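Trainee: Could you walk me through this one? I would like to understand it piece by piece.

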Amino acid sequence: CYPSPNVSPVTKVVPDFAFAFDIDGVLLKGGEVIPEAVEALKVLNGKNQFGIDIPYIFVTNGGGKTEAERCQDLSKQLETVVSPDQFICGHSPMREMADVYGTVLVVGGEGEKCRDVAKTYGFKNIVTPGDLMKSNPAVTPFRKLKDSEHNSCKELDLEELEIEAIFVFADSRHWGDDAQIILELLMSKNGRMGTVSETFEEGPPIYWSHNDVVWATNYELNRYGMGAFRVFVESMYKHQTGKDLKTSTAFGKPQIGTYQFATRVLEQWRESRFGAKGAPKTVYFVGDTYEIDIKGTNEYHETVDEEWYSILVETGVYAPGSVPAHEPRQIAKNVLDAVLHGIKRSH
Ligand code: G3P
Ligand code: MG
């Protein structure tokens, strides 16, 4: 369902193994390419002792751009063509919710970019926190929209507005303001701004594109991510209402659904690009966060016939030398070592 760049199919022997890569902490860090990443992909693209092309896909919890746009960026950074057909990001499964809800609040990402992502997914009536701030600036007492933000937002009649669901597409750039709005809606009467429910059972559900509490950037310590924002929102909800927020759901890794989705994408990719049918015998999943990538891969491995083999790299969230709470099948210094390990093991 994604547009593909013009890539001709590979015609050589298709190996019965494949790779799936996490991105942040494995291939990129703080937006910069991890040095071994380019070489690792060259090895998969035929620069190996067998001269074969080895299929691979990307499974990141990150997001904030359309899949096509993100793949264009990745192609430049990784010096190889990355197709949206081999790419899954945190919000990719949200496209399946576009027909379920009418009016939705879309939160997170740079500026209003996630509005465009939601549009490409087919969401019909998309509202952003910026629209609500433009419609009533008193909603967020400590933030005024910049002129550029003001121009790209819509003015709405808040009396008429009913938010049916909240989708956090990417990391919030303004926790305080976004939390103010999200919490108001969660505690509202049927998603109407300016109302407070008596039962706290009428608010819209909230969907998070992932649940990463921390992630690896170019700072020496891990930084808080969307999962941390979720903890904050849910604790505030409990603090205010005395109730647990039951209608809060996260997509992304380590959810089993994301791995099932990844299997379908990998099968389609092997078929369209390599002419091979079915799932490979082994999938090497290379990740940097044991609570997410390793946990998810190990758990998924237990549910399927194929082997999902977890490899933890030392270039991201995981601190080398510590004992990972979810044990990987292999620890590798970096993504190149991970790739070489997988190839050696499968050949
Ligand atoms: O915001 C993205 C980050 O939490 C993790 O991305 O590529 O490590 O799944 P990734
Ligand atoms: Mg990662």
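Our questions go from confidence to fold, domains and ligand surroundings.

Mentor: A word first: this is a predicted model, where local features need pLDDT of at least 70, side-chain atom pairs count only at pLDDT 80 or more, and totals for chains, interfaces and linings use all residues. Residues are numbered from 1 along each chain as its sequence is written, with chains lettered from A and ligands numbered from 1 in the order in which they are written.

Trainee: What pLDDT does the chain average?

Mentor: pLDDT is the predictor's confidence in each residue, from 0 to 100. Of the residues, 97% score at least 70, and the chain average is 95.

Trainee: Which residues have a pLDDT below 50?

Mentor: Look at a stretch that has 11 contacts in the model beyond near neighbours in sequence; a contact needs C-beta atoms, placed from the backbone, within 7 Å. The pLDDT is below 50 over residues 1–6.

Trainee: Why is the chain as compact as a globular protein of that length?

Mentor: The chain has 10 helices and 15 strands, counted as DSSP runs (H or I, at least four residues; E, at least two) numbered from the N terminus. The globule rule, 2.2 Å times the number of residues to the power 0.38, is set against a radius of gyration over C-alpha atoms. For 347 residues the rule gives 20 Å, so the chain is as compact as a globular protein of that length because its radius of gyration is close to that, at 21 Å.

Trainee: How is the chain divided, and how far apart are the C-alpha centres of domain 1 and domain 2?

Mentor: Domain bounds come from an automatic or database domain assignment. They give domain 1 (17–90 + 254–346) and domain 2 (93–250). The C-alpha centres of the two lie 30 Å apart.

Trainee: Which helix gives the most to the side of domain 1 that touches domain 2?

Mentor: The contact takes 20 residues from domain 1 and 21 residues from domain 2. With three residues, the top contributor on the domain 1 side is helix H8 (residues 256–274).

Trainee: How many residues of the shell around ligand 1 are charged?

Mentor: The shell includes Asp22, Asp24, Asp171, Asp212 and Trp215 among its members, and draws at least three residues from each of domain 1 and domain 2. Ala, Val, Leu, Ile, Met, Phe, Trp, Tyr, Cys and Pro count as nonpolar, Asp, Glu, Lys and Arg as charged, and the others, Gly among them, as polar. By that scheme two are nonpolar, five polar, and the charged ones number four.

How values were computed. A residue is near a molecule or strand if its C-beta atom, placed from the backbone, lies within 6 Å of it. Two residues are in contact if their C-beta atoms, placed from the backbone, lie within 7 Å.
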